[in-house]
Amino acid sequence: NGEYRSAQAMQKDFILILQNCRTFNATTSDIVKEARRQHLMRPGILKQAAAKHDLFLAEDGAVLEITDEDSKKGKKGKKKGEGDDGKPTPKKKKALPKATKNGGKAKSADPDETETDESQSGKGKEEATPVRKPRIRIKMTRESNTTDSKKKPAPKRKRVSDSGDEKSNIEDAMPEPIPKRSKKKDNSGSKTPSKKKSADQSAAEKKRQVASSKLMAKKAQFFSLSNWKKSKSSLDGTFKAARNFLTSQGPWSLPTNLAAERFTDVAKDTLAKLKKVDRYSVFADPVSEDEAPGYFEIIENPMDFATMREKVTAGGYGSGSAAAAEFFKDILLIFDNCLLYNDEDGEIAEEAIRIMGLVPETFVSSCLAIAKKSK
């Protein structure tokens with residue numbers, strides 16, 4: 001009758017059927033087990049039906065029809081020289097030849113174009129030949145001599161006396177050389193303790209600044225929704241690729257502008273969104289032995305979204321980024337348990353792969369929403 005406008009509307013009725021079955025029948029009965037088995041098989045059946053009728057089921061439950069316009073309309077023949085609107089298309093001008101017979105460049109008809117070519121070739125020549133900059137030489141010796149001569153006039157030579165020695169008189173008459181200043185050498189051959197300490201402090205401060213800048217860049221990349229969506233588009237549909245995508249940024253943390261005590265709000269909001277993403281309630285509640293025989297013989301640490309919510313309410317994770325890291329470990333444990341008990345090619349694992357691709361951006365969107373409310 002056309003009452004269902006989306007896959008989500010149909011899914012609500014399927015869930016209602018399963019709930020009614022559980023309400024009026026025993027949990028261990030065969031009819032409940034059969035209802036649950038059919039409930040888990042339904043995603044694959046919906047996909048097959050959609051593909052058969054040329055439909056596409058979006059993540060939000062919308063149903064899109066896939067049509068081939070060429071097959072419906074057919075390709076209409078066009079007259080030679082006519083465009084799409086039926087008007088004659090203008091003839092294209094013939095391109096000028098690129099080179100002359102002699103191998104030289106052909107001249108363009110546009111004078112502006114030739115000028116630009118010549119200017120570009122001229123610029124290329126100028127760039128090829130480096131221009132030598134003039135050097136300025138400063139002679140320090142002349143300035144020092146002139147300054148010395150201004151300060152101290154050179155003494156005149158004395159006349160050689162009859163009785164005196166000529167050599168000694170000449171030596172006395174010569175000006176005394178100005179002694180050069182010598183740098184004080186440190187006998188120890190090492191820096192003083194105060195200078196060494198300040199150098200170590202500056203090096204440590206530089207390391208801290210580099211580490212802080214790297215951390216800020218990593219956090220900016222982690223809390224970018226566009227970055228996660230772009231990375232998700234490259235997934236190949238395998239469990240390994242989805243898990244690597246989930247763990248690519250390491251353990252989770254809170255934004256720097258969000259108080260540590262707001263972790264509880266972030267965790268509750270994330271779990272509420274993941275419950276909506278889990279359309280078939282595969283990971284919503286704890287697994288029972290009746291639903292999955294031998295489950296607890298294989299899985300040592302079972303985990304689900306309901307158990308995580310109880311842990312958040314009781315304050316079991318703590319607060320701040322440390323709590324976010326522990327919260328991330330339990331999320332990862334849910335999907336690792338799924339692969340450990342189920343086949344990778346099965347429908348349960350396929351549903352886990354789909355949800356894993358949406359988990360990181362779900363957590364990031366919750367962080368950004370709570371941080372916006374805190375302002």
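**A walk through a helical chain**

Among contacts in the protein chain between residues at least 6 apart in sequence, 65% link residues at least 24 apart. Keep in mind that this is a predicted model. Its secondary structure comes to 15 helices and 2 strands, and of the 375 residues in the chain, 23% count as buried.

Let's begin with the nonpolar core. In general terms, nonpolar side chains in soluble globular proteins tend to be buried together. Here the largest nonpolar core has 46 residues, and the members that touch the most others are Trp-252, Phe-283, Phe-327, Ile-331 and Phe-335. Helices 9 (239–246), 10, 12, 13, 14 (347–356) and 15 each supply at least two residues of this core. Helix 13 gives the largest share, 9 residues. To see what one of those well-connected members does, pick out Phe-327. Leaving aside neighbours within four places in sequence, Phe-327 is in contact with Trp-252, Phe-263, Ala-267, Thr-270, Leu-271, Met-308, Val-312 and Tyr-317.

Next, look at the helices towards the end of the chain. Helix 14 is mostly covered, with 8 of its 10 residues buried. Those buried residues are Ile-348, Ala-349, Glu-351, Ala-352, Ile-353, Arg-354, Ile-355 and Met-356, so the list takes in a glutamate and an arginine as defined by the names themselves. What covers them includes helix 2, helix 9, helix 10, helix 13 and helix 15.Helix 15 runs over residues 359–374, and its length checks out: at 1.5 Å a residue, its 16 residues should span 22 Å, which agrees with the 23 Å between its end C-alpha atoms. The buried residues of helix 15 are Val-359, Pro-360, Glu-361, Thr-362, Phe-363, Val-364, Ser-366, Cys-367, Ile-370 and Ala-371.

Two of those helix 15 residues make handy markers for how the chain folds back on itself. Take Phe-363 to start with: its C-alpha atom is separated by 9.2 Å from that of Phe-223, although the two are 140 residues apart along the chain. Phe-223 lies in the loop between helix 7 (193–222) and helix 8 (225–232). Is Phe-223 buried or exposed? It counts as buried, because its relative accessible area is 14%, under the 20% cut-off. Not counting residues up to four places away in sequence, Phe-223 touches Ser-253, Leu-254 and Pro-255, and also Val-364, Cys-367 and Leu-368.

The other marker is Ser-366. Ser-366 and Ala-272 are 94 residues apart in sequence, and their C-alpha atoms are 9.9 Å apart in space. Ala-272 sits in helix 10 and, at a relative accessible area of 39%, is partly exposed.

Now for the empty space. Rolling a probe the size of a water molecule over the atoms shows where such space is left. The largest pocket holds about 1,400 Å³. It is lined by 46 residues, and the ones nearest its centre are Arg-36, Tyr-280, Ser-281, Val-282 and Phe-283. The elements giving two or more residues to this lining are helix 1 (7–24), helix 2 (30–52), helix 10 (263–277), helix 12 (305–313) and helix 13 (320–341). By type, the lining divides into 23 nonpolar, 9 polar and 14 charged residues. Phe-283 turns up twice in this tour, once among the residues nearest the pocket centre and once among the core members that touch the most others.

Ser-281, also listed among the residues nearest the pocket centre, deserves a pause. Ser-281 belongs to the loop between helix 10 and helix 11 (295–298). Most residues other than glycine have a negative phi. The phi of Ser-281, however, is positive, near 55°. With a relative accessibility of 37%, Ser-281 counts as partly exposed.

The structure also holds 1 cavity of 30 Å³ or more. The largest cavity has a volume of about 30 Å³, and its lining is made of Asp-285, Pro-286, Val-287, Tyr-295, Pro-302, Met-303 and Asp-304. That lining divides into 5 nonpolar and 2 charged residues, with no polar ones.

Which residues does Asn-337 contact, leaving aside its neighbours within four places in sequence? They are Tyr-295, Ile-299, Asn-301, Pro-302 and Met-303. Tyr-295, Pro-302 and Met-303 also appear in the cavity lining. Asn-337 itself lies in helix 13, and its 7% relative accessibility means that it counts as buried. Helix 13 is also the element that gives the core its largest share and is among those that help line the largest pocket.

Note on methods:
Residues numbered from 1 in each chain as written. Predicted model: local features only at pLDDT ≥ 70, side-chain atom pairs only at ≥ 80, totals over all residues. Heavy atoms only, no water. 1 Å grid on protein atoms, 1.4 Å probe; cavity = no way out; pocket = protein on both sides within 12 Å on 5 of 7 lines; lining within 4 Å. Points joined across faces, edges and corners; volume = space filled by probe spheres on them. Helix = DSSP H or I, 4+ residues; strand = E, 2+ residues; numbered from the N terminus. Nonpolar A, V, L, I, M, F, W, Y, C, P; charged D, E, K, R; others polar. Expected span 1.5 Å × (residues − 1). Buried < 20%, exposed > 50% of the residue type's maximum accessible area, 1.4 Å probe, protein only. Core = buried A, V, L, I, M, F, W, Y, C linked by side-chain atoms within 4.5 Å. Contact = heavy atoms within 4.5 Å.
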